[in-house]
Amino acid sequence: MSPRAGNAGPHTLAFVESPVQLLNVLEWAHTRAPWTGLTLVVLSPVDPMTRGQLRRMSELAREDGHEVRWEEARGGASAPFRTVGGLAGLLRRAERIVMGDPFSRYVQLLLTITRARELVVVDDGTATMEFVGQLARGERLVRWHRKGRRLGPRDLLFAPVSASARRRLTPSRGRQVEVFSSMPITEVPDGVTVTPHSFAWTRARFGPPRITKGADMVGTSLVETGVVDADAYLDAVRRLAKTHGATRYFAHRRESTEKLHRLAVETGLEVVRPDLPLELIARRGPVGRTILSFPSTVVHTLPLALAGTEVKVAVCDIDPAWLTQGASPRAQGFLDGVTGTARGVERLLAVPGV
């Protein structure tokens, strides 16, 4: 039996929708509640690659002694009603709620039910930086790549729930709010506790990796989110790989099959679809001596996960000319901030000739 089983501490309920969120819940438990078992609810998406990674991460969570509850939260029109109804009892009894994505409409809806006095937000990539800043400024919660766009009908319909979630994520006399993050946070809302996230669980569990002589590239979903033009992105990948001798391309779980096929044909890179978050893949190895990336979460997380190794992380800036016409006005500044605040990385200028 796990040392966590049967622990009499506050009942902790965690909600995750991605493999990285699940990883960061395990990191939080390792750092902040090492002897506390938690109930981890996976609000499963429909994307096969994400589901596969979540299954693998769920196995690791169970090995650590946590209870995992898998919810087919998007399995048809009635799924949200079944999911919320089935979780209502757990939500009302929980004393602590841990969540990975405060921008998620699902999570915001669940927050309207809970009476928990402790709320914890773990990293959901670079979105955490935007969440903390918006909370500090009293703004409505909007993902960075959608900021500046007009509200659609669904946004307007959901606005009261989103506003309620933001109020619940604001500390008060009877409610504590913690942010567990490896991101650089410059604006800290009054009353919010920020706990540094150093990937201690990952380093203790895996590695150190075997390091190869070549370079690896990390994919991004900036094309899929409508921020970067597909042709410009593929050209940048090709030039970056040629300049630095990269041979493998680790695909982001949201990258489309069509784009990845085209990328493999046009660049000659071996496209790898990881079965775990990249921080664990890199820590297990083998991994290239240099990891190349565009602005993304990994430029902050990989140097921490690979601390003590000889692996170098290099990040290539996004040229403004690569942005689509529909990109948010906030996009360039946000991406520059992601790169400029990264610690322990080599910064590369936008690839010439793209």
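These legends walk through close-up views of a predicted model.

**View 1. A seven-stranded open sheet, with parallel pairing.** Here the strands line up in the order 3-2-1-4-5-6-7. Follow that order to its ends and you reach strand 3 (67–71) and strand 7, the edge strands, each of which pairs on one side only. Going from one strand to the next, the twist averages 20°.

**View 2. Strand 6 and its two partners.** Which strands does strand 6 (residues 176–181) pair with? On one hand there is strand 5 (residues 118–122), joined to strand 6 in the parallel sense over five bridges. Look for Val120, which stands opposite Glu178, and for Val122, which stands opposite Phe180. On the other hand there is strand 7, again parallel to strand 6 and again with five bridges. In that pairing, Val177 has Val192 of strand 7 as its bridge partner. Strand 6 is also mostly covered, with five of its six residues buried.

**View 3. Two helices that pack on the seven-stranded sheet.** Helix 1 touches strand 1 (12–16), strand 2 (38–43), strand 4 (96–99), strand 5, strand 6 and strand 7. Its direction makes about 110° with that of strand 6. Helix 5 packs on the sheet as well, touching strand 5, strand 6 and strand 7. For helix 5, the angle with the direction of strand 6 is about 150°.

**View 4. Helix 5, a mostly covered helix.** How many of the 11 residues in helix 5 (residues 127–137) are buried? Nine of them are. The buried residues include Ala127, Met129, Phe131, Val132 and Leu135. Thr128, Glu130 and Gln134 are on the buried list too, along with Gly133. Just past the end of helix 5 sits Gly138, with a positive phi of about 70°.

**View 5. Helix 1 beside helix 2.** In general, a pair of packed helices is described by the angle between their axes and the distance between the axes. For helix 1 and helix 2 (residues 48–63), the axes come within 9 Å and cross at roughly 15°. An angle under 35 degrees counts as roughly parallel, so helix 1 is roughly parallel to helix 2. Their crossing is left-handed. To find where the two helices meet, start from Pro19, Leu22, Leu23 and Leu26 in helix 1. Their counterparts in helix 2 include Thr50, Gln53, Leu54, Met57 and Ala61.

**View 6. The largest nonpolar core, and another one apart from it.** The largest nonpolar core holds 41 residues, and Leu22, Trp28 and Leu40 touch the most other members. Helix 1 (residues 19–32) gives the most to this core, with six residues. What does Leu40 touch, leaving aside residues up to four places away in sequence? The list is Ala14, Val16, Leu22, Val25, Ala61, Glu67, Val68 and Arg69. Apart from this core lies another, of 31 residues, with Leu13, Leu43, Val132 and Ala165 among them.

**View 7. A six-stranded open sheet, also with parallel pairing.** This time the order runs 10-9-8-11-12-13. Strand 10 (270–272) and strand 13 (346–348) stand at the edges with a single partner strand each, so one side of each has no neighbour in the sheet. The twist averages 30° from one strand to the next. Close to one end of the order, strand 9 (residues 246–250) pairs with strand 10 in the parallel sense over three bridges. There, Arg248 stands opposite Glu270. Helix 11 (residues 298–305) lies across strand 8 (211–218), strand 11 (287–293) and strand 12 (312–316), running at about 175° to strand 12.

**View 8. Loops with unusual backbone details.** Start with Phe199, in the loop between strand 7 (192–196) and helix 7. Phi of Phe199 is near 65°, a positive value in a residue other than glycine. Is Phe199 buried or exposed? Phe199 is buried, with a relative accessible area of 1%. Next comes a cis peptide bond joining Gly207 and Pro208, with omega about 5°. Pro208 is found in the loop between helix 7 (200–205) and strand 8. Another cis peptide bond runs from Gly285 to Pro286, where omega is near -5°. Pro286 lies in the loop between helix 10 (278–284) and strand 11.

Conventions:
Residues are numbered from 1 along each chain as its sequence is written. This is a predicted model: local features need pLDDT of at least 70, side-chain atom pairs count only at pLDDT 80 or more; totals for chains, interfaces and linings use all residues. Side-chain values use heavy atoms; hydrogens and water are left out. Two strands pair if DSSP finds at least two bridges between them. Helices (H or I, at least four residues) and strands (E, at least two) are DSSP runs, numbered from the N terminus. Axes are lines fitted to C-alpha atoms, for helices over the stretch in contact, and angles run from 0 to 180 degrees between N-to-C directions. Contact means heavy atoms within 4.5 Å. A nonpolar core is a set of buried Ala, Val, Leu, Ile, Met, Phe, Trp, Tyr and Cys residues joined through side-chain atoms within 4.5 Å. Buried means under 20% relative accessible area, exposed over 50%, partly exposed in between (1.4 Å probe, protein chains only). Angles under 35 degrees count as roughly parallel, over 145 as roughly antiparallel, 65 to 115 as roughly perpendicular and the rest as oblique. A crossing is left-handed if the near helix is turned anticlockwise from the far one by less than a right angle, and right-handed if clockwise.
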